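Dear colleague,

I am passing on to you the structure shown below, together with a summary of what was found in it. Please read the text alongside the sequence and the coordinates.

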Amino acid sequence: MSRADKLPSLLIVEDDLGIQKQLKWALSDHYEVEVAGDRANAMTIVRRSEPAVAILDLGLPPDPNGASEGLAILEEILSFRPTTKVIVSSGNGERRHALEAIRIGAYDFYPKPVDIDVLRLIAQRAVHLHALELENQRLAQIQARGALPGVIAGSQAMLEVCRVVERVAPADVRVLLTGESGTGKEVLARALHDNSARAAGKFIAINCAAVPENLLESELFGHEKGAFTGAVKTTIGKFEQANGGTLFLDEIGDMPMALQSKLLRFLQERVVERVGGRNSIAVDVRVIAATNRNLAEMITAGAFREDLFYRLSEIELHIPPLRDRMGDPVLLARYFFERFNSTLGRAVKGFAPDALAAMSAYQWPGNVRELENRVKRALVLAAGDLITAADLGISAGHFPSLRELRERADREAVTSALALAGDNVSAAAKLLGISRPTLYELMNSLSIRT
């Protein structure tokens with residue numbers, strides 16, 4: 001392995017040739033050092049070498065006495081390579097520039113004149129953090145990929161759903177998937193099939209709301225030649241097509257009452273009868289259904305059969321909306337970005353910081369389907385190298401701070417534990433693995449009352 005392979009990469013962005021040489025000489029023993037004197041050369045190196053750390057002078061031409069160029073480079077580096085740890089420096093002694101750099105995302109700040117020993121220590125810590133973050137990303141990607149084949153998930157809410165799917169898939173039971181439109185119910189239905197003993201069989205899907213009522217019965221159960229006008233040949237339905245595999249009935253809440261009765265008969269007797277036919281045909285198929293409607297309310301209103309509901313929901317699994325899946329919008333956006341960027345013939349490099357913040361803050365009423373459409377639209381419309389919030393068509397949002405994220409996670413954990421424990425603080429503390437006084441202190445800080 002070469003020396004370059006062993007050493008972390010470090011970029012120095014400095015227009016003073018004397019300081020360039022000084023820093024390179026001082027740091028070359030522990031880093032593979034590259035230098036740049038302006039934005040164009042700096043970004044060329046960032047794209048080529050993906051440096052772990054960049055040391056950036058904020059006072060660069062054409063604004064050597066200010067920080068506008070240095071801050072612009074900082075934003076561009078972080079937009080293209082968010083994992084690079086940028087250490088900023090300025091000799092102008094203005095604290096506001098340092099604070100602005102930290103606000104944008106700089107890792108640390110040090111004043112000129114340079115204290116090499118201090119800079120070495122800051123760089124060493126930055127490299128260590130960079131390595132940890134890369135490892136965490138690698139593990140997260142493994143976790144996301146390992147959640148379930150074909151399922152992109154990193155949030156705790158979706159990982160818990162995936163764990164349930166893993167446990168349920170091998171058992172040949174019927175599953176009812178509930179959740180808002182666009183949350184990915186068909187993706188999870190396919191995961192149930194792919195992780196079952198029926199994986200070698202067919203996965204057949206039909207949207208009960210998309211087929212006209214007078215054709216849905218024929219689509220599901222098939223028809224005999226001459227059964228109705230236009231039936232010029234015998235056609236097998238979705239149940240027979242899925243024999244040995246899985247049939248996914250999407251939007252089951254939109255199935256007409258008359259057809260619900262025929263579906264119930266199949267679930268009870270495992271036989272189908274084609275439209276216009278007289279013979280019962282045995283079919284071995286696993287049924288997975290999905291709906292975005294409240295079936296309990298429909299049962300009360302007489303619009304859905306209660307006995308069919310219980311037949312379909314041997315296991316009921318709720319898919320959380322995208323707004324409740326912290327971190328998943330950006331994870332999914334990057335997946336769709338990679339998928340569409342090449343197929344659309346674009347050379348966009350990624351998402352701008354305002355786009356990432358906007359996607360994290362947006363409520364996603366259309367869920368994953370809306371996210372997919374917005375990313376595709378943004379790739380078509382993007383005029384620059386990076387997709388902006390404006391390209392996505394959503395307002396630039398506030399990305400939550402680490403403190404806000406921790407508080408949100410603490411609040412969810414405490415309220416869930418108290419709910420499970422029936423508001424018994426001692427029992428909730430045991431569930432959380434903390435002492436009773438610690439839980440009381442946490443509840444007080446979060447203004448949670450029992």
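The largest cavity has a volume of about 50 Å³. The model in which it was found is a predicted one, and the structure holds one cavity of 30 Å³ or more. The lining of this largest cavity consists of Ile 12, Val 13, Glu 14, Ile 19, Leu 23, Ile 55, Leu 56, Asp 57, Ser 89, Tyr 110, Lys 112 and Val 114. At least two lining residues come from each of strand 1 (9–13), helix 2 (17–27) and strand 3 (53–57). Strand 3 provides the largest share, with three residues. By class, the lining of the largest cavity comprises eight nonpolar residues, one polar residue and three charged residues.

Strand 3 also serves as a landmark for two backbone features. Glu 50 is found in the loop that runs between helix 3 (39–49) and strand 3. Its phi is near 45°, which is a positive value in a residue other than glycine. Pro 62, in turn, is placed in the loop between strand 3 and helix 4 (68–80). The peptide bond leading from Pro 61 to Pro 62 is cis, and its omega is near 10°. For context, most residues other than glycine have a negative phi, and most peptide bonds are trans.

I turn next to the second largest pocket, which holds about 520 Å³ of space. Its lining is made up of 23 residues, and those nearest the centre of the pocket are Gly 182, Thr 183, Gly 184, Val 187 and Val 368. Helix 8 (185–194), helix 14 (328–343) and helix 16 (367–381) are the elements that give two or more residues to this lining. The lining of the second largest pocket divides into nine nonpolar, six polar and eight charged residues.

Two of the helices that line this pocket, helix 14 and helix 16, also pack against each other. Their axes come within 9 Å and cross at roughly 45°. Helix 14 is therefore oblique to helix 16, and the crossing of the two is right-handed. On the side of helix 14, the contact is made by Pro 329, Leu 332, Ala 333, Phe 336, Phe 337, Arg 339, Phe 340 and Asn 341. On the side of helix 16, Val 368, Leu 371, Glu 372, Val 375, Lys 376 and Leu 379 take part. The contact of helix 14 with helix 16 has 10 nonpolar residues, one polar residue and three charged residues. Val 368 thus appears twice in this account: it is among the residues nearest the centre of the second largest pocket, and it belongs to the contact between helix 14 and helix 16.

A further helix pair is formed by helix 9 (residues 213–221) and helix 11 (residues 257–269), whose axes come within 10 Å and cross at roughly 15°. Angles under 35 degrees count as roughly parallel, so helix 9 and helix 11 are roughly parallel to each other. Helix 9 passes helix 11 in a crossing that is right-handed. Helix 9 contributes Leu 216, Glu 217, Leu 220 and Phe 221 to the contact, while helix 11 contributes Leu 259, Lys 262 and Leu 263. Five of these contact residues are nonpolar and two are charged, with no polar residue in the contact.

With kind regards

Conventions: Residues numbered from 1 in each chain as written. Predicted model: local features only at pLDDT ≥ 70, side-chain atom pairs only at ≥ 80, totals over all residues. Heavy atoms only, no water. 1 Å grid on protein atoms, 1.4 Å probe; cavity = no way out; pocket = protein on both sides within 12 Å on 5 of 7 lines; lining within 4 Å. Points joined across faces, edges and corners; volume = space filled by probe spheres on them. Helix = DSSP H or I, 4+ residues; strand = E, 2+ residues; numbered from the N terminus. Nonpolar A, V, L, I, M, F, W, Y, C, P; charged D, E, K, R; others polar. Axes fitted to C-alpha atoms, helices over the stretch in contact; angles between N-to-C directions. Parallel < 35°, antiparallel > 145°, perpendicular 65-115°, else oblique. Left-handed = near helix turned anticlockwise from the far one by under 90°. Contact = heavy atoms within 4.5 Å.
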